[in-house]
Structures are given as C-alpha cells and as structure tokens.
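These are my notebook entries on one structure. I set out to look up its burial, its contacts, its cysteines and its surface.

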Amino acid sequence: EYVLLNYLFTYKLISDNNIQLAIISAAVGYITMSTLMTATPISMNVMHGYSIFATGIVIQFHVIGMFLPSLITGDLIKKFGIKKMIYAGISILLICIIINYNFETYYGYFIGLILLGVGWNFLFISGTSLLVISYNDQYKFVAQGFNDFVVFTAQAIGSLSAGFLLYLIGWQYLNLICLPGLLFLIIF
C-alpha cells in the first residue's frame, strides 16, 4: 500500500507543469555546468597546453561564479520572478557556449566558465525555488526525493561523460552538445 501511494504521489507531482519546469531547469543547469566544468581542465591543460596554475585560476573563478551570485539571486527572483530568472540563466549559459565555442583562449575559458557558474546558479536556485512553492506539504518528501534523483543523476551523467566526450568530439562540439537541453527548456 505504501509503495502504491508513493507511485501515485510521484505521478501527481510529475504531471504538474511547474514541478516539471522546476526539475528540468535544475537538471539542465546541472548537466550543462558539470559537463563543461569537468572538461575544462582537460581541454585547457592537456589539449591546449595551459599551465595547471592558469587552469586552476579559471576553475576558481568558475566556482566564484557559481556561488557568489547566491547573495543576490533570491532578491532577483523576488524582483523579476522565477520564470524570468530561469530565462536569464538560459541566456547566460547560451552566451557561455558561444564564447566557449568561438574562443579557445585563456580569456575565452575564463569568461566562459564564470558565465557557466552564474547561469547554473540562476537555473538551479530558480528551479529549486519553484519546486518548493509548487507542491503540497503532504508531497514534500516525494517531490524533493524525485527532484534530487533527477537533478543529481543528470549531474553524474555530465561529469562522468565529459572526459570521454571531450576526447571523442573536442571542446567546440562538447559545448554544442549542451544546446539541446537549453533549447528544450526555452520551448518548455
């Protein structure tokens, strides 16, 4: 009986458009970020010969881009709304991909990875905020558990496939692989 109720709760949850948007935006943000972030040190150091120090600086500023905006992301969500912040995150990630695709230089990586962090921040925090206001309290554990499963599975897929895909198709095409998820999110 307990298992059947969980399935019913899960079905009810995933049929809600706001919950779908919340989970998809957080998952797309995470898979995009983890794929490109994981591949960056390999691309910079191994494939393009940048030093470990230079590569480390890019990753450090990427992490700053991921978490520093959190100081104001909540205020931005209150001011502009969750869906506009999701679109802002998508836009920033699209700019990141354009920069990464066109500029395999130190500053291209540097700016691209900062934007990757900021775009992830907007998508993940906006998605998480939308999730919390979209379910009833009786569904909160199932909703949070399902969300975490989807989001962190996407993150694991991105991290685990990044090196292989980078080796197989290169940095530019790796960035292009991230486009379908973002474009799907735009039309969703």
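**Entry 1: Asn 100 and helix α5**

I find Asn 100 buried, with a relative accessibility of 0%. For this I take buried as under 20% relative accessible area, exposed as over 50% and partly exposed as in between, with a 1.4 Å probe and protein chains only. I note that the model is predicted, so local features need pLDDT of at least 70 and side-chain atom pairs count only at pLDDT 80 or more, while totals for chains, interfaces and linings use all residues. Residues are numbered from 1 along each chain as its sequence is written, and side-chain values use heavy atoms, with hydrogens and water left out.

I place Asn 100 in helix α5, residues 82-102. Helices here are DSSP runs (H or I, at least four residues), numbered from the N terminus. Which residues does Asn 100 contact, leaving aside neighbours within four places in sequence? I list Leu 36, Gly 108, Gly 112, Leu 113, Trp 171 and Asn 175, where contact means heavy atoms within 4.5 Å.

I then checked the length of α5. The expected span of a helix is 1.5 Å times one less than its number of residues. The 21 residues of α5 should therefore span 30 Å, and the end C-alpha atoms are indeed 30 Å apart.

I record further buried residues of α5, among them Met 85, Gly 89, Leu 93 and Cys 96. The cover over the buried residues of α5 includes α2 (17-47), α4 (70-80), α6 (106-134), α7 (140-177) and α8.

**Entry 2: Cysteines**

How many disulfides are there? Taking a disulfide as a pair of cysteine sulfur atoms within 2.5 Å, I count zero. Cys 96 is in no disulfide, the nearest cysteine sulfur being that of Cys 178, 8.2 Å away. That distance is too far for a bond. I find Cys 96 buried at 0% relative accessible area and Cys 178 buried at 7%.

**Entry 3: Surface patch**

I find a nonpolar surface patch of about 580 Å², made by Tyr 87, Leu 183, Phe 184, Ile 186, Ile 187 and Phe 188. Helix α8 (residues 179-187) gives the largest share of this patch, four residues. Ile 186 lies in α8 and counts as partly exposed at 35% relative accessibility.

I compared Ile 186 with Ser 91, which sits in helix α5 and is partly exposed at 38% relative accessibility. Ser 91 and Ile 186 are 95 residues apart in sequence, yet 9.4 Å apart in space, C-alpha to C-alpha.

Terms used. Patch = residues over 30% accessible without salt bridge, like charges linked within 9 Å, V, L, I, M, F, W, Y side chains within 5 Å. Areas by Shrake-Rupley, 256 points an atom, 1.4 Å probe, with all protein chains shown as cover. Salt bridge = Lys/Arg side-chain N within 4 Å of Asp/Glu carboxyl O. Helix = DSSP H or I, 4+ residues; strand = E, 2+ residues; numbered from the N terminus.
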